[in-house]
Amino acid sequence: DQVYENQQLIQSLWQQSPYCERVCKQYSEWVRELAQGEVKNLSQSVIKDTIFPAIANVDEEGVLKQRLRKIRHQLLLQICWKDLILNAEVFDVLQELSDVADACVQASVEWMGKTLANKYGIPRSDQGEEVHFVVIAMGKLGGGELNFSSDIDVMFCYSNSGNTDGARSISNQEFFTQLAQGVIRILSDITPEGFVYRVDCRLRPFGESGPLVVNFNHVEDYLQTHGREWERYAFVKARVICGSLEDKTQFKKIVSAFVYRKYIDFGVIKTLREMKQLIAHQMEKKGNLNNIKLGVGGIREIEFIVQFFQLVHGGHNQHLQTRRILEALSQIEIAGYLSAQDVNELML
């Protein structure tokens, strides 16, 4: 009876998600797992233990792409089941989706890094210390709020200039550029299994006209000299997902000084107004005023309200220095910047 009931639930899943129907028909063994109620609790460790062993001994990039895409389909199918059939909490679903993306990026970086190190050696600073590749998650991924169809916004960095220590030595810049290009290829190339994620790198210093990979000195100089107000909004959610603990500390120090001002900063009001007017004009031009993300009362408006209080008051109220929107809203209420009723309406 339980299996029969779950089969009915599978039909319901397919009616709600054409993606799940396609995946189940492509990988029929997963249908049996769902019918038998075999849905894992997808903690970060479970996700990594699913992805990393499956690609541990892969030598060819084509095989890596195939396995990574298949595993991602399997994990997303389970998350869809919990979302659409088991009615999981929305932010639990978003966190699991973000954890899957984190692990896919990390696995791609590790595989590509080993491949290039075998060819060129390990990147080192002028003092001989190993230099690590750093991936910064931005946007929804940075905030742990990725949805099923999101691109991933990332920035690629490293801490120190220098050269690799192999017989065919190249500069760290060249090594990490090849690494970044490989990671983008692994994640975004379209194969018979689809793609893992579309990767957007346009939030890096100078956007598409800037280098694909930048060292921390470049990032700091750019933010201090050229950083614009709208970029402060973008960097609120910035999060290191690949890199050493030292890299994380150094990056946080660089970004915090740019994003959060020690004084109450009302200069962001003008920028916020201009950004909202630009988005409203674009939506009106496209005839898309009811867009759930960018339209009136949409997701972006809620983000603007929250990030406004973070940028105005975050320099002297460190509780506001969080990437998570619900956490920030709670702190906004505690500080008395908005009433409990207003915060509750924004949360809903």
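Confidence in this predicted model is lowest in helix H12 (residues 268–286), where the mean pLDDT is 72, and highest in helix H8, where the mean is 98. For the protein as a whole, the mean pLDDT is 90, and 93% of the residues reach 70 or more. Within helix H12 lies Glu-274, which counts as partly exposed because its relative accessibility is 41%. Glu-274 is separated from Trp-230 by 44 residues in sequence and by 9.7 Å in space, taken from C-alpha to C-alpha.

Helix H8, where confidence is highest, spans residues 172–188 and contains Arg-185. The side chain of Arg-185 forms a salt bridge with that of Glu-61, with an N to O distance of 2.7 Å. Because Glu-61 belongs to helix H5 (residues 61–84), this pair ties together parts that are 124 residues apart in sequence. Arg-185 has a relative accessibility of 31% and is therefore classed as partly exposed.

Two further salt bridges are each contained in a single helix. In helix H10 (residues 229–235), Glu-229 and Arg-232 are three residues apart, about one turn of the helix. Their closest N and O atoms are 2.9 Å apart, and the two residues form a salt bridge. The partners differ in burial: Glu-229 is partly exposed, with a relative accessible area of 27%, whereas Arg-232 is buried, at 0%. Beyond this pair, Glu-61, Lys-65, Arg-185 and Asp-189 are joined into one network by salt bridges that share partners.

In helix H2 (residues 18–26), Glu-21 and Lys-25 are four residues apart, again about one turn of the helix. An α-helix has 3.6 residues a turn, so residues three or four places apart point the same way. Lys-25 and Glu-21 form a salt bridge in which the closest N and O atoms are 2.8 Å apart. Lys-25 counts as exposed, since its relative accessibility of 56% is over the 50% cut-off. Glu-21, at 26% relative accessibility, counts as partly exposed. In total, the structure holds 13 salt bridges.

The internal space of the model was examined next. Rolling a probe the size of a water molecule over the atoms shows where empty space is left. Three cavities of 30 Å³ or more are present in the structure, and the largest cavity holds about 50 Å³ of space. Its lining consists of Val-236, Lys-237, Glu-303, Val-306, Gln-307, Gln-310, Thr-322, Arg-323, Arg-324, Ile-325 and Ala-328. Helix H13 (299–313) and helix H14 (325–335) are the elements that give two or more residues to this lining. Helix H13 gives the most, with four residues. By class, the lining of the largest cavity comprises four nonpolar, three polar and four charged residues.

Helix H13 has 15 residues and reaches 22 Å from its first C-alpha to its last, close to the 21 Å expected at 1.5 Å a residue. The buried residues of helix H13 are Glu-303, Phe-304, Val-306, Gln-307, Phe-308, Phe-309, Gln-310, Leu-311, Val-312 and His-313. Among these, Glu-303, Val-306, Gln-307 and Gln-310 also line the largest cavity.

About 690 Å³ of space lies in the second largest pocket. This pocket is lined by 32 residues, of which Gly-142, Ala-238, Arg-239, Val-240 and Arg-323 are the closest to its centre. The elements that give two or more residues to its lining are helix H4 (44–55), helix H6 (90–120), strand S7 (239–242) and helix H11 (245–259). The most is given by helix H11, with eight residues. Sorted by class, the lining of the second largest pocket has twelve nonpolar, eleven polar and nine charged residues. Arg-323 thus appears in the lining of the second largest pocket and also in that of the largest cavity.

A final position considered is Val-154, which is found in strand S3 (residues 152–158). With a relative accessible area of 2%, Val-154 is buried. Val-154 and Asn-118 are 36 residues apart along the chain, and their C-alpha atoms are separated by 25 Å.

Technical notes. Residues numbered from 1 in each chain as written. Predicted model: local features only at pLDDT ≥ 70, side-chain atom pairs only at ≥ 80, totals over all residues. Heavy atoms only, no water. 1 Å grid on protein atoms, 1.4 Å probe; cavity = no way out; pocket = protein on both sides within 12 Å on 5 of 7 lines; lining within 4 Å. Points joined across faces, edges and corners; volume = space filled by probe spheres on them. Nonpolar A, V, L, I, M, F, W, Y, C, P; charged D, E, K, R; others polar. Expected span 1.5 Å × (residues − 1). Buried < 20%, exposed > 50% of the residue type's maximum accessible area, 1.4 Å probe, protein only. Salt bridge = Lys/Arg side-chain N within 4 Å of Asp/Glu carboxyl O. pLDDT = per-residue confidence, 0-100.
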